[in-house]
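Reader: I have not looked at this structure before. Please take me through some of the terms used for it.

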Amino acid sequence: MPEQMEHEPLAEAFFQFRMQAPDEIVVPGVPVARRTVRRRRTARVSAVAALTALVLAVGGYSATLLGAPAPVQPAVPSASPSPTVFAGPALNADQLRQLGVKALDRLGFTPERLRRGVAFGPVDAAAGGSTHLLGTAAQPLPAGRYTLVAVCRGVGRITVDWRTDDDEGTMDAPCTDPPADGNVDSPAARAEVQLRAPGLITLSVTGDGLARSRAGFAAMVTDPLMAIADYALARPSGDHVGGVSMVIDRTEIDTDPDAKAGIYVLTLTCAGTGTIKATLRVGEAGSTRTVRCSERPSPITITVTAKRAATRKVIFDRRPEDPAVAVAYYLVTR
Amino acid sequence: MNAAGTPTHGARRAPEGARSGAPGEQGRHDFDELYAAHFTSVTTQLFAYLGDRQEAQDVTQEAFCRALHRWKDVSAYDDPVAWVRRVAWNLATSHFRRSRIATAFRRRHREVHAPEPSPDRVALFAALRSLPPRPRQAVVLHYLADQAVVDVAETMQVSTGTVKSWLHRARIALGEQLRPSAEEVRNA
């Protein structure tokens, strides 16, 4: 046990944290771990087969060159010089794009794999900055509550001004390099943005004197499907014991190993197409419903009475071959 | 520790005193029980260290995946959760490894319906972020994993004197930041 001699603000702060944090943690679940391990094993077998084929091919190629002097290759400068900068001269377009890609990577995307509601690019040299639209006239963002996240790589700071038909706001983000081992990345800038009707979010990204032409940014809003599911979710009264909005493309399980006895009410919505199976189980007690996913989902409710403390599981089944949908749920106990 | 940075044994004693996936038949532990009993506590520690809940969850899940991958060996250890905890910390303290995991997991964007962090939480995280990585790890292991100084020293492979020094300096530094100001006390 920690050696506490007296009342200590540090010990008290950790005590509070220890009490609160577990309620916020989402447990992905054992089935997800099993699936990951299974997938990696399959990938490893494929990789070994591919490597074997490559070795055989290279071996054959080398054999034909055996005895011939090796051609001397001139040194080729790197096609992608490191975009890491500490102020100094302005970067070229390629280097700036790479910083934008780095920022995008922090949000979990690549230029080849983007979705609606994501933007990235260089921090413009112009003092007025650059403008980006999240959503398009043909495919606006659906009404809902969005979290807007912006990150910046490089030097200096950026200001992101956002605007909708009803509202506007601003936020700042520092431009940093990825942290060295063990250090914490600078926090991403976040803002809550409400769209009361389908529409666009306009972003204006402006760098300070240091960031202009020396930084790249990326910004995203919550997946629109998640916003739809979340917007349609009704939150019943009771002690809130769990809730998540998430995009799912296969079975997802949230587990609480220490659920108390009581009446549990799960309310959920599903945005997208097709159906999912939703299950609430507390020990022996459980109930499953098939939920239709749509662009205008309605909340459905599952109630389970647990007579004793047990492990509680919220399970969403979705066939992996079906397109991903978003589920929002809110769980209370009474 | 092997070349891959994962511990080669799990024989250390578990200081948390929680359920540890008790050994079943043939002295082997059950993965499901171990996971259910320890996922949250390991994640809580990494949450404090990293300051990012999602990242802490991803790293902990990765550690459990690695345990599952070699469960035949890990389940035979006296204390498999010590192995998982060690792997999780190794991943958390290596930005390169952590960022690869984060990128893979973050594609599946999830948002927890959690209340806004309290001012106390914000202050604690800001204070922790002001510490260098190693002392920060020592503070988290001591105050959240309930490890005694000697256990922290063993986990981090440093002397007990070093740990005591880290904790002493951290208490002073963080205490100053976390203590309410005279003005706040008067207002209260």
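Reader: What makes strand S12 and strand S15 of chain A a pair?

Author: In this predicted model, six bridges join S12(A) (residues 275–282) to S15(A) (residues 310–317). Two strands pair if there are at least two bridges between them, so S12(A) and S15(A) count as paired. The two run antiparallel, and Val282(A) stands opposite Arg312(A) in S15(A).

Reader: Which sheet holds them, and why are S10 and S13 of chain A called edge strands?

Author: Four strands of chain A form an open sheet with antiparallel pairing, in the order S10-S15-S12-S13. S10(A) (252–259) and S13(A) (285–292) each pair on one side only, which is what an edge strand is here. On average, neighbouring strands are turned by 10 degrees against each other, direction ignored.

Reader: How do you know that H1(A) and H1(B) pack, and which residues make the contact?

Author: Helix H1 of chain A (residues 9–24) and helix H1 of chain B (residues 31–50) have axes 10 Å apart, at an angle of about 115 degrees. Phe17(A), Arg18(A), Ala21(A) and Pro22(A) meet Thr40(B), Thr44(B), Phe47(B) and Ala48(B). Five of these residues are nonpolar, two polar and one charged. The crossing of H1(A) past H1(B) is right-handed.

Reader: What makes helix H7 of chain B mostly covered?

Author: A residue is buried if 20 or more other C-beta atoms lie within 10 Å of its own. Nine of the 11 residues of H7(B) (residues 133–143) are buried, so the helix is called mostly covered. Among them are Pro135(B), Val139(B) and Tyr143(B). The buried residues pack against H1 of chain A and against H1, H6, H8 and H9 of chain B.

Note on methods. Residues numbered from 1 in each chain as written. Chains lettered and ligands numbered in written order. Predicted model: local features only at pLDDT ≥ 70, side-chain atom pairs only at ≥ 80, totals over all residues. Axes fitted to C-alpha atoms, helices over the stretch in contact; angles between N-to-C directions. Left-handed = near helix turned anticlockwise from the far one by under 90°. Contact = placed C-beta atoms within 7 Å. Nonpolar A, V, L, I, M, F, W, Y, C, P; charged D, E, K, R; others polar. Buried ≥ 20, exposed ≤ 12 C-beta atoms within 10 Å, placed from the backbone.
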